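Please open the model in your viewer and keep the sequence panel beside it, since this tour moves from the whole chain to single residues. Each stop says what to select and what is found there.

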Amino acid sequence: MNAMPDIPLDRYGRILAGENEGYFIRIHFDAEVTHGYYVFLVDDIDSPTDGGDYWVMDMAELANMFHGSEWRIEWL
């Protein structure tokens, strides 16, 4: 497995390749309640009509999610 690039928090990115291609992604660290990471996916930043969210427990699990999804992301 390749080294995990830095994953920006609370910043949108467009998924250019992999699962959910064309969607926007944003990662949020929930320090207050769960101490994990929320992964938000939407089809449009301004007026989303489709999307979803995932929760992972730590950065290692987040890295595994990125690897398994084969995401290539352009961070905005």
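Begin with the surface of the protein chain in this predicted model: about 4,900 Å² is exposed, and carbon and sulfur atoms supply 49% of that area. Colouring by charge next will bring out 4 positive and 15 negative side chains, two sets whose centres lie 8 Å apart.

Now switch to a cartoon, in which the protein chain shows one helix and five strands, arranged from the N terminus on as β-β-β-β-α-β. The radius of gyration is 12 Å, close to the 11 Å that the globule rule gives for 76 residues, so the protein chain is as compact as a globular protein of that length. If you align the view to the principal axes, the C-alpha trace spans about 30 × 30 × 20 Å. Of the contacts in the protein chain with a separation of 6 or more, 39% are between residues 24 or more positions apart.

From here, go inside, where buried residues make up 28% of the 76 residues in the protein chain. Select Ile25, Ile27, Val39, Leu62, Phe66 and Trp71, which are the residues with the most contacts inside the largest nonpolar core, a set of 13 residues. Strand E2 (24-29), strand E3 (37-42) and helix H1 (59-69) each supply at least two residues of this core. In soluble globular proteins, nonpolar side chains tend to be buried together.

Keep Trp71 selected and display its surroundings: which residues is Trp71 in contact with, leaving aside its neighbours within four places in sequence? Among them are Ile25, Val39 and Phe66, together with Ile15, Ala17, Leu41 and Met65, and the list also includes Gly18, Glu19 and Asn20.

Two of those residues lead to the next stop, Ser69, which is placed in helix H1. Not counting residues up to four places away in sequence, Ser69 touches Gly18 and Glu19. Is Ser69 buried or exposed? At 8% relative accessibility, Ser69 counts as buried, because the cut-off for that class is under 20%.

Finish at Arg11, in the segment before strand E1 (13-17), where the residue is partly exposed with a relative accessible area of 37%. Leaving aside neighbours within four places in sequence, Arg11 is in contact with Ile25, Arg26 and Ile27, and also with Trp75 and Leu76. As a last step, draw a distance between the C-alpha atoms of Arg11 and Glu74, which are separated by 11 Å although the two residues are 63 residues apart along the chain.

Terms used:
Residues are numbered from 1 along each chain as its sequence is written. This is a predicted model: local features need pLDDT of at least 70, side-chain atom pairs count only at pLDDT 80 or more; totals for chains, interfaces and linings use all residues. Side-chain values use heavy atoms; hydrogens and water are left out. Helices (H or I, at least four residues) and strands (E, at least two) are DSSP runs, numbered from the N terminus. The radius of gyration is taken over C-alpha atoms; the globule rule is 2.2 Å times the number of residues to the power 0.38. Buried means under 20% relative accessible area, exposed over 50%, partly exposed in between (1.4 Å probe, protein chains only). Contact means heavy atoms within 4.5 Å. Accessible areas come from the Shrake-Rupley method with a 1.4 Å probe; for residues, only the protein chains shown count as cover. Lys and Arg count as positive and Asp and Glu as negative; His and the chain ends are not counted. The place of a charge is taken as NZ of Lys, CZ of Arg, CG of Asp or CD of Glu. A nonpolar core is a set of buried Ala, Val, Leu, Ile, Met, Phe, Trp, Tyr and Cys residues joined through side-chain atoms within 4.5 Å.
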